[in-house]
Each structure stands twice: as C-alpha cells, then as structure tokens.
Amino acid sequence: MVTTLSGTPVVPGLAWAPALVVATGVPDEAIERYGDGAHADDEAALAAYDAAVAAVADGFRAKAAAADGATAGVLTASAGLATDRGLRAAVRKNLRAGQPLLTAVDHAVEQFVTVFTGMGGLMAERVTDLRDIRGRIVARLVGVPEPGVSLPATPTVLVASDLAPADTAGLDPRTVIALVTERGGPTSHTAIIARQLAIPCVVGAAGIVAAAAGRRLLVDGGTGVIELDPDPVAAESRVARDVAARADLAAWEGPGRTSDGHPVSLLANVADPASAAAAAAGPVQGVGLFRTELGFLDRTSEPSVAEQAAIYADVLAPFAAGDPWGERHVVVRTLDAGSDKPIAFAAHPDEENPALGVRGLRLSFTDHGLLERQLDAIADAARRAGTPTWVMAPMVATVDEARDFAAAVRSRGLRAGVMVEVPSAALLADRMLAEVDFLSIGTNDLTQYTMAADRMCTDLAHLTDPWQPAVLHLVALTAAAGQRVGKPVGVCGEAAADPLLACVLVGLGVTSLSMAVAAVRAVGARLGTVTLAQCQEMARAALAAPSPAAARDAARAVG
C-alpha cells in the first residue's frame, strides 16, 4: 500500500487531518430531469443561457467584492470569462445547428477548452475556470445549486483533482488546514490564493485523489511530501512543533534584515484599496506590486483618468505616513492585460498564442493613449496621496521599450522601472538599468518563458518551479547588474513568498521581496535566522544543483 506521495510544494507548513476528497459537478438526475429543456425556439433557449450566465457572473462579482488582492482579481476575471461574447456566440451557433441547450453549452465550452489548451501558457490556466463556469451555468439552467466545495465543519485536508478560483477563494483556513491537488503548478490560481490564505499547499501530486479517500494525511507544504496514515503520535508531535514555530513567526514585526543586519525590503503585493489597507497594517515597508488590472477587468469601456486616479489614490494613501523604519513607497505596475486577462475595450488581436502575443506594455504599441491616460491617473493619484510612487511596465523585451517607457514616466515626475519577465530583459539587465531606475523580477512568467513550459501543465510542474537552476541564473545575472550600478532589483513573483528561496534570492543580490501579505512574517523571520554570508552560500549551492529538488536540499543544508 502506498504510504507517501509527493508533489510541488507551494505554501510551507505541516497539517495532519482526515482527507476530504472533493468531486464537484451537477447531479446526473438533475440533468436527466431537465432533458432538452422546454424552450419555444433558439432565441428562448439563448435567453435562458443569458439569464444563467448573468447569475453566475453576479456570483463571481459578489465573491470578488468580499475578497481582496489577487483573489478579487481572479474572481473578477472569472466573471468576465463567464460573460465572454465569443462563448455566447458559440452557444448560439450550436443552438441554430439544432443542438439542445445543455449540449450547445457543453460543446461551446469544449471548443474553447481545445483552443485554450492549444495556446498553452497562461491561456491554458483558464481551462479549469472554463469547466467550472460550465458546471455553474448548467446548474443554473437545471435549477440546482451551483457546484462547489462544501466547507467541512471540522479540520480537514482538502484533496481534489483541481480547484477553480471560486472554490479556493471560499476556503476557511480554520477548517481547511491543508490543500492538495493532482493538477496545477506553483503559480496556478489555486496556489496563488492558497498563499494569500496561508494554507499549507501541495500541487501536482499525482494519484492523491485515488489514494486519499478514507485516510488521514500528513501534508508537508515545505517539501511537497504527503504521508498517508502516518503514525499518529509522530504526526501529532511534528505538527505541534510546526504550530509552535508558526506562532513564533506571527510575533515577527520587522524590519526585513538578515541576522547580521543586512537590510532586505519586504513589500506587499496588492490589487485594490482593501488589500492595500490590510498590507499597510502589517510589517511591510511598502508595496512592491500594485496590480492595476482589477479596475479594468469586467469593464466594457475604459475607466476615465479621474476614475482610475481615485482608485489608485485609495491604494497609495495608506502608505503616505511611512513606517517605523522610514519612508514607504508603492510600485505601480501598468496594465498587464492580454493573454489570460483580456479586457473588452482593448484592441486585442486574434492570436494563436496570446501568452507570446500582445500583452502588457505591448498593448500600448497600437493604443498609446491607453498607457498615457493610465500614467496621467497614476501621477494625479501620487500627488493626492503624497506617497512616493514608482511605476513599472510588464512584458518589456527590449532596451528601446524600457527607454521610451522611462521617458513617459519621468515626464510625470515619477520613478521608472521595468519588469524582468522575458529572458531577453535579464540578459540585457545592464543596458536596461542604464535607462530605468529599478528592475522587478516577475518569477512566474520568467520561469514559464525560460523553461518553455505552461504554468498549468501538471506534467511540466517540475519545469515551472522557480527553483529551476536556469531561472536562478537569470535572477543572479539581473541582481548582479543592479549591484554594479547601485540600483534596486526586486522580486515580485510568487517565489518571494517561499522563506527558503527568499534566503537564496537575497544571496543572489536581490534587494527587495514582494509577496502576499500573509507570507511576510514567515519570510522575515526566516531571513533573521541567517547571515548574508549564509544566504550567499545557499545561493551558490542552489545555482550548482542539477534540479529544483536538489537546489532546495542544497540550500536547506547550508541554512
């Protein structure tokens, strides 16, 4: 009998509890009762579809309104996907071809699943979302509650093949004390939301659904190992030690520094005023990534400069007063739309592979006014809030792009930077820094593009691991360029939330780490246990390792 399984570690921590295996879907008997439906004609059937879609989208929006940060952004994007005009057009075409409504919906969704899967990259991440949306639409049509996770009453390890954002966002960390999925990678939506909730999490654990039923699991979110029916006394002892260690972390109040006093700015990733207010109340030295997309998603028209400025000012304001260690700043990322985050009012081209297409800064190549208006709004918000504001562009690939962006930002009195997500930006980091004031490494996309591996492909999860030595070499190259000219180089991808990897990143020369606010104390406390020299030795060991697992082990052995 299998006693251990392993996957990709996402959120560190130990948890031991009975497994709850989730199987979501609409009951077969409800679908059978519905049959072909009772619609007078195709237009009546389409009207029923529209009503179901509206209810599903409203449900996503309601959950987004009750959430914040990355969770709110993911749910808002799901609302936009549910109401996608292309999906509706496919349903209508299928109805006119004589298909009953449920069949028309099923075939339309699978058509888009095939397209998204073929695109790979970020678009393939939306396959889980699409199938979740289909289940919710079908449930609305047949008159049963939308499928989803039924929250347990007692502490449980939640096990699933995969989870949609709406399911993960609704989890209660008091009862769902760990999360294990068969699919997904370390930068999937499930992983991102699990980090925000600080739930120990392992993804890509092949065979866990079949193996877990009726068993108690010991989940180690730091190593990715899941033990099935371990010795209860030993399991309880290990969990008790972990709980005590995490309690110590909760007392950490900053500032970020190694045990010998080397400073490391610990920053928060935010997406809206609510997440900014929550972050400002914690031990952070500012914001390293303000995702501005939330104000654009699920909109049919571009927000005005005044509308944008009002939102941005509400995000900037909590950081105007500084903190006990000095001035706090906010790094604003300009619109990172396209690929998995299309916006209705932007001229997205019809692309075979949007992950390699017109996204991020590239939207401004054909609609420069979109960027100019956003920069005007950011500058206005910065003046109103009185908060030091830095601005960076996503998906920058050339030095010319960096130069032009920096000129536009500086003309408004703001500091300019670019994100290092494309390998070319890392390889040209010296030349990029000659044009901008800072660099910020987005490890999620940098890993995907470096390893040519879809972030959501479970079979390739070992390639999309930020511990990949090739990715660490690009980080080292970028950080070294910053050190040579004395300019900041931060990390704002999910890698910054891994306490062990944070030590390695500091050893590589990274000057700031930005993450979900729930991860800050764990990262800060871990950095406080090692010297800068140890971090540098951990970095050398990880760079020399042949694989992500070996890199983790090598770094752990040093620090």
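Here are three short exercises, with worked solutions, on a predicted model.

**Exercise 1. Lay out the sheet**

Find the strand order of the open sheet and name its edge strands.

*Solution.* Start by walking across the sheet: its 8 strands come in the order 1-8-7-3-4-5-6-2, and their pairing is mixed. Next, look for strands that pair on one side only; these are strand 1 (4-6) and strand 2 (8-11). Finally, add the twist, which averages 30 degrees from one strand to the next.

**Exercise 2. Look at both sides of strand 3**

Work out in which sense strand 3 pairs with strand 7 and with strand 4.

*Solution.* Take strand 7 to begin with: strand 3 (residues 14-21) and strand 7 (residues 216-220) run antiparallel and are joined by 5 bridges. One bridge to find is that of leucine 14, whose partner is aspartate 220. Now turn to strand 4 (residues 156-160), where 3 bridges link it to strand 3 in the parallel sense. Here leucine 20 stands opposite leucine 158, and valine 21 has valine 159 as its bridge partner. To finish, place helix 11 (residues 232-250): it lies across strand 3, strand 7 and strand 8 (225-228), at about 120 degrees to strand 3.

**Exercise 3. Classify a helix pair**

Decide how helix 19 and helix 20 are oriented to each other, and describe their contact.

*Solution.* First take the geometry: helix 19 (residues 469-485) and helix 20 (residues 499-508) pack at about 40 degrees, their axes 9 Å apart. Angles under 35 degrees would count as roughly parallel, so this pair is oblique. Then list the contact residues: Leu472, Val475, Ala476 and Ala479 from helix 19 meet Leu501, Leu505 and Leu508 from helix 20. Sorted by type, they give 7 nonpolar, no polar and no charged residues.

Notes
Residues numbered from 1 in each chain as written. Predicted model: local features only at pLDDT ≥ 70, side-chain atom pairs only at ≥ 80, totals over all residues. Heavy atoms only, no water. Pairing = 2+ DSSP bridges. Helix = DSSP H or I, 4+ residues; strand = E, 2+ residues; numbered from the N terminus. Axes fitted to C-alpha atoms, helices over the stretch in contact; angles between N-to-C directions. Parallel < 35°, antiparallel > 145°, perpendicular 65-115°, else oblique. Contact = heavy atoms within 4.5 Å. Nonpolar A, V, L, I, M, F, W, Y, C, P; charged D, E, K, R; others polar.
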